[in-house]
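This report looks at how some elements of secondary structure are arranged, beginning with a sheet and ending with a pair of helices.

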Amino acid sequence: MLRLLLLLCCTLSGVSLSAQREVTLTARLGDCPKAPQLYRFTGFGFEPLRPLVLQDDGSYRATLTVDEPVFRYLGTDPSTAVPIILGGEDSLTISGSCGALRQSVVSGSTINTAYVALKQEFDAFNERYTTLIQDIQVIEDERVNREGEEAMRQLDEEKRDLVARMAVEYPLLGRVASMNTYLSFYSANQGQYASEVDHYVRTYFQFVDFTDPGYNDLSWTFEGSRGFTATLTKALPAGEVAAVVLEQTGRWPAGSQARFLARSGALGALIPTKHPATLPVAQALIAEYESTEPGAIAFVKQQTTGLASFTIGAPAPLFTGESPEGESISLEDLRGQYVLLDFWASWCGPCRRENPNVVRIYHKYKDLGFEILGISLDDRRERWEGAIAADELDWLHVSDLKGWASEFGRLYGVTAIPQTVLLDREGNIVARDLRGADLERKLAEVLGAR
């Protein structure tokens with residue numbers, strides 16, 4: 001049975017809804033290299049809002065007007081900033097040290113105090129959930145399993161009650177909880193769902209009001225979607241993830257900041273692993289928000305450059321490079337044979353140690369319609385050419401001599417070498433990172449050789 005580790009994260013925040021008000025924030029912080037600043041989370045980074053002003057007593061202060069309670073980040077730079085809720089009270093104070101902001105204490109604010117208490121409740125839920133999963137899915141004892149399922153249903157009811165209570169007492173805390181509260185499969189009418197994964201997909205966001213504009217400026221719209229997507233990548237076949245992500249994040253109004261944050265959060269889970277769902281989700285985000293979020297979209301484009309080459313069956317990105325002899329070699333011109341793109345460099349020890357094996361495989365299969373195009377990440381011509389001669393690499397070679405800044409490497413998302421990409425006769429991607437025996441087996445398969 002799928003083990004869905006659906007634990008509410010420990011860095012939550014929220015606020016209560018009220019009329020527009022003027023809020024004064026005082027920061028009594030020591031060891032600050034410069035004045036702390038307020039930031040807003042935007043999906044792929046933090047937007048500076050305003051610095052706090054140094055006062056005669058050594059504290060820092062800012063007064064601002066908020067339309068409704070909201071949470072912002074406070075710190076001397078985004079990497080160390082911590083969430084703080086503004087708008088629940090007319091004034092509040094944060095005390096501590098700039099060098100240890102996560103240990104700072106907020107006073108004069110009932111909503112921030114409630115936020116701390118909420119985190120503690122979720123920590124307790126998480127601990128119970130982990131224990132019950134062991135009782136239900138690991139321990140081979142029917143009585144323990146049965147009691148575990150009953151206790152899990154009780155835990156789910158407590159979660160449901162907490163979301164409802166927060167929605168009344170502090171609506172933004174309710175929103176945060178709604179983005180992260182999943183009731184287990186054991187509380188469901190299981191006959192309604194094809195599987196536990198189906199239940200997860202269809203009920204994960206059951207407490208979310210997708211028409212509520214309060215999710216537009218909530219970092220947990222991003223974080224909740226990121227957690228949801230991360231679980232999907234482990235629970236679903238790779239080819240099914242994008243459709244589910246786009247369907248669920250598409251429940252937010254078109255063009256809304258909430259949809260932008262949700263799809264950005266999904267990419268936050270997909271990009272680091274170069275998951276096949278990355279490109280479809282990124283393309284949907286780019287198409288909808290390129291004109292309204294140009295900075296973030298530029299970042300998404302940068303992060304997803306080369307990912308097309310990670311999709312098996314997709315056309316390989318085309319390029320033309322210069323050989324050691326100064327001739328132009330076009331990848332498109334090599335169609336009609338199987339081509340191995342071999343990313344390497346003269347200074348790469350593992351690459352050089354692998355070369356004798358690649359030479360042997362090349363000579364074995366070259367007359368059966370197999371070619372190698374070596375793509376060097378060298379930045380010095382003499383070293384590149386010297387290594388080709390020394391290792392007797394008698395296949396095609398190109399390099400733009402830009403080292404790790406190689407345009408060819410970027411086009412194929414290369415961040416480590418040696419790395420290979422095998423293409424079929426039509427120029428489509430067959431496999432990545434085949435070497436040694438794995439490469440030889442694949443060539444024997446596709447070329448019909450023994």
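In what order do the four strands of the open sheet run, and is the pairing parallel or antiparallel?

## Basis of the description

The structure is a predicted model, in which local features need pLDDT of at least 70, side-chain atom pairs count only at pLDDT 80 or more, and totals for chains, interfaces and linings use all residues. Residues are numbered from 1 along each chain as its sequence is written, and side-chain values use heavy atoms, with hydrogens and water left out.

## The open sheet

The four strands (DSSP runs of E, at least two residues, numbered from the N terminus) lie in the order 3-2-6-7 with antiparallel pairing, where two strands pair if DSSP finds at least two bridges between them. Strand 3 (46-51) and strand 7 (82-86) are the edge strands, each pairing on one side only. Direction ignored, neighbouring strands of this sheet are turned by 40 degrees against each other on average.

Strand 6 (residues 70-75) pairs with strand 7 in the antiparallel sense over five bridges, and Val-70 has Leu-86 in strand 7 as its bridge partner.

## The helix pair

Helix 5 (residues 219-235) packs against helix 7 (residues 257-270) at an angle of about 40 degrees, their axes being 7 Å apart; helices are DSSP runs of H or I, at least four residues, and axes are lines fitted to C-alpha atoms over the stretch in contact, with angles running from 0 to 180 degrees between N-to-C directions. That angle makes helix 5 oblique to helix 7, a class left over once angles under 35 degrees (roughly parallel), over 145 (roughly antiparallel) and 65 to 115 (roughly perpendicular) are set aside.

Residues of helix 5, including Phe-222 and Arg-226, meet residues of helix 7, including Leu-261 and Gly-265, where contact means heavy atoms within 4.5 Å.
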